[in-house]
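Work through the exercises below with the structure open beside you. Each task is followed by a solution in short steps.

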Amino acid sequence: LVVHLSTLLLANFRNYNSLKLDCDEHANLFLGSNGQGKTNLLEAIYYLCVARSCREALDRDLVIIDGDAFLIRGSGISSTGHDVDLEIRYARRTGKKVLINGQPQRNLSDLFGSMTAVVMSPDDRQIVQGGPGCRRRFLDIAIAQSSPAYLNALQDYKRVVKQRNETLRAHQMRSESPADLELWDMQLVELGSRIVQKRQSVVLELEREAQSLHGAISDDKEELCVTYKSSFEFGKVDDVKAAFIEALARSEREERSRGLTVVGPHRDDLILTMNGVNLSAYGSQGQHKTAATAIKLSEALFLLHKTHSPPLLLLDDIFAELDALRTTR
């Protein structure tokens, strides 16, 4: 089973007034000078799969200059092996709408899994060099594309954190502990524990693949390790819920002082080390790029194993900052 995009239609997206593209089902190569829109084209394909920019651009910034709306439409073979027609419309005043086979979808999350996609680009360095939010975002999108249940839990968790923070701020001026906080605590722990457990298991899979890929690219001269760092300590995966409850109790005073939820998967991180040294703080540009390349390729293999079909692999200038030997490998 091979997922592929057969046709792509763009209107008022980035620098494209209009574009109609027929794609080969195996491989497509786009050549052009700087500024002609090669990256924008890959961004549009990725957006069609996950309803967000791979460059973390706001939707309103994807509209062509002096435009009010954009359209992306594509047809091909889905992850389930069926013909599929995907369409995303965005307008500044009305927001974003997703259609699958001509039918409007109630939730944007309904789009996930129709076509899976992985982008590899110079921006991948942010997985190594960026803040924890960059690494959480990478991990969440990888999991969400293979698990609608995870995506739903993540969306519900973010809603609970927002409402819990509002409750904390509302009670900052009071001396007693807010009774209505207990309701949010129950949901926070239930949803958050499921997210942490899922992330932990996926990171173990990603690390195995990334280590093997990284060894092949670096000729086994460097060892890459990827570990999940929770905002609270726990032993076995089965102990996550109890550890989360204890961490909330310990942080009660800080949370009430700051009006923020300070523990939970929204504060977690991935720790990347090479030969035992933290990559975020050390390492050359080439080492950062090698690690990021291995991690993104491991994401593609993870999606292949989970969905039993390879994702659309969108490669944008992937050999920048790699020496000739690593490029060849």
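**Exercise 1. A strand residue**

Is Val118 buried or exposed? Place Val118 in its strand, then find its neighbours across the strand pair.

Solution. The model is predicted.

Step 1. Val118 belongs to strand β7, which spans residues 117-120.

Step 2. The relative accessible area of Val118 is 1%. The cut-off for buried is under 20%. Val118 is therefore buried.

Step 3. Look across to β11. Strands β7 and β11 run parallel and are joined by four bridges. Opposite Val118 in β11 stands Leu313.

Step 4. Compare sequence with space. Val118 and Leu313 lie 195 residues apart in sequence, yet their C-alpha atoms are 5.2 Å apart.

Step 5. List the contacts. Leaving out residues up to four places away in sequence, Val118 touches Lys296, Glu299, Ala300, Leu303, Pro311, Leu312, Leu313 and Leu314.

Step 6. Widen the view to the strand. In a regular strand, side chains alternate between the two faces of the sheet. In β7, Ala117 and Val119 are on one side, with Val118 and Met120 on the other. All four are buried, and both faces of β7 are covered.

**Exercise 2. The six-stranded sheet**

In what order do the strands of the open sheet of six run? Trace the pairing, then add the helix that packs on the sheet.

Solution.

Step 1. The order is β2-β1-β3-β4-β5-β6, and the pairing is antiparallel. The edge strands are β2 (16-22) and β6 (103-104), each pairing on one side only.

Step 2. Add the helix. Helix α1 (residues 38-50) packs on this sheet and touches β1 (4-13), β2, β3, β4 and β5 (95-100). The direction of α1 makes about 110° with that of β1.

Step 3. Count bridges. β1 and β3 pair over seven bridges. Strands β3 (residues 69-77) and β4 (residues 83-91) pair over nine.

Step 4. Check the register. His4 stands opposite Ile77 in β3. Arg73 stands opposite Glu87 in β4. Ala69 has Ala91 in β4 as its bridge partner.

Step 5. Inspect the turn. The hairpin of β3 and β4 has five residues between the strands. There, Gly81 takes a positive phi near 90°.

**Exercise 3. The three-stranded sheet**

Which strands stand at the edges of the sheet β8-β9-β10? Find the helices that pack against this sheet.

Solution.

Step 1. The sheet is open, with antiparallel pairing in the order β8-β9-β10. β8 (224-229) and β10 (277-278) are at the edges with a single partner strand each, so one side of each has no neighbour in the sheet.

Step 2. Six bridges join β8 to β9. Cys225 has Thr273 in β9 as its bridge partner.

Step 3. Two helices come in. α5 touches β8 and β9, and its direction makes about 175° with that of β8. α3 lies across β8 and β9, at about 100° to β9.

**Exercise 4. Two helices**

What distance does helix α4 reach from its first C-alpha to its last? Do the check again for α8.

Solution.

Step 1. α4 (residues 148-170) has 23 residues and reaches 33 Å. That is close to the 33 Å expected at 1.5 Å a residue.

Step 2. α8 (residues 285-307) also has 23 residues and reaches 33 Å, again close to the expected 33 Å. Just after α8, His308 takes a positive phi of about 65°.

Step 3. Find the cover of α4. Its buried residues include Tyr150, Leu154, Tyr157, Arg164 and Leu168. Among the elements covering the buried residues of α4 are α3 (132-144), α5 (181-218), α6 (240-250) and α7 (252-258).

**Exercise 5. Cavity and pocket**

Which elements give two or more residues to the lining of the largest cavity? Repeat the search for the largest pocket.

Solution.

Step 1. The count is one cavity of 30 Å³ or more. The largest cavity has a volume of about 40 Å³.

Step 2. Its lining is Phe138, Leu206, Ala210, Val226, Leu270, Leu272, Ile295 and Ser298. The elements giving two or more residues are α5, β9 (269-274) and α8.

Step 3. The largest pocket has a volume of about 950 Å³. Of its 36 lining residues, the closest to the centre are Asn28, Leu42, Leu313, Leu314 and Leu315.

Step 4. β1, α1, α8 and β11 (312-315) each give two or more residues to the pocket lining. The largest share, five residues, comes from α1.

Definitions and conventions: Residues are numbered from 1 along each chain as its sequence is written. This is a predicted model: local features need pLDDT of at least 70, side-chain atom pairs count only at pLDDT 80 or more; totals for chains, interfaces and linings use all residues. Side-chain values use heavy atoms; hydrogens and water are left out. Buried means under 20% relative accessible area, exposed over 50%, partly exposed in between (1.4 Å probe, protein chains only). Contact means heavy atoms within 4.5 Å. Two strands pair if DSSP finds at least two bridges between them. Axes are lines fitted to C-alpha atoms, for helices over the stretch in contact, and angles run from 0 to 180 degrees between N-to-C directions. The expected span of a helix is 1.5 Å times one less than its number of residues. On a 1 Å grid over the protein atoms alone, a cavity is a set of points where a 1.4 Å probe fits but cannot get out, and a pocket is an open set with protein on both sides within 12 Å along at least five of seven lines; lining residues have an atom within 4 Å of a point. Grid points are joined across faces, edges and corners, and a volume is the space filled by probe spheres set on the points.
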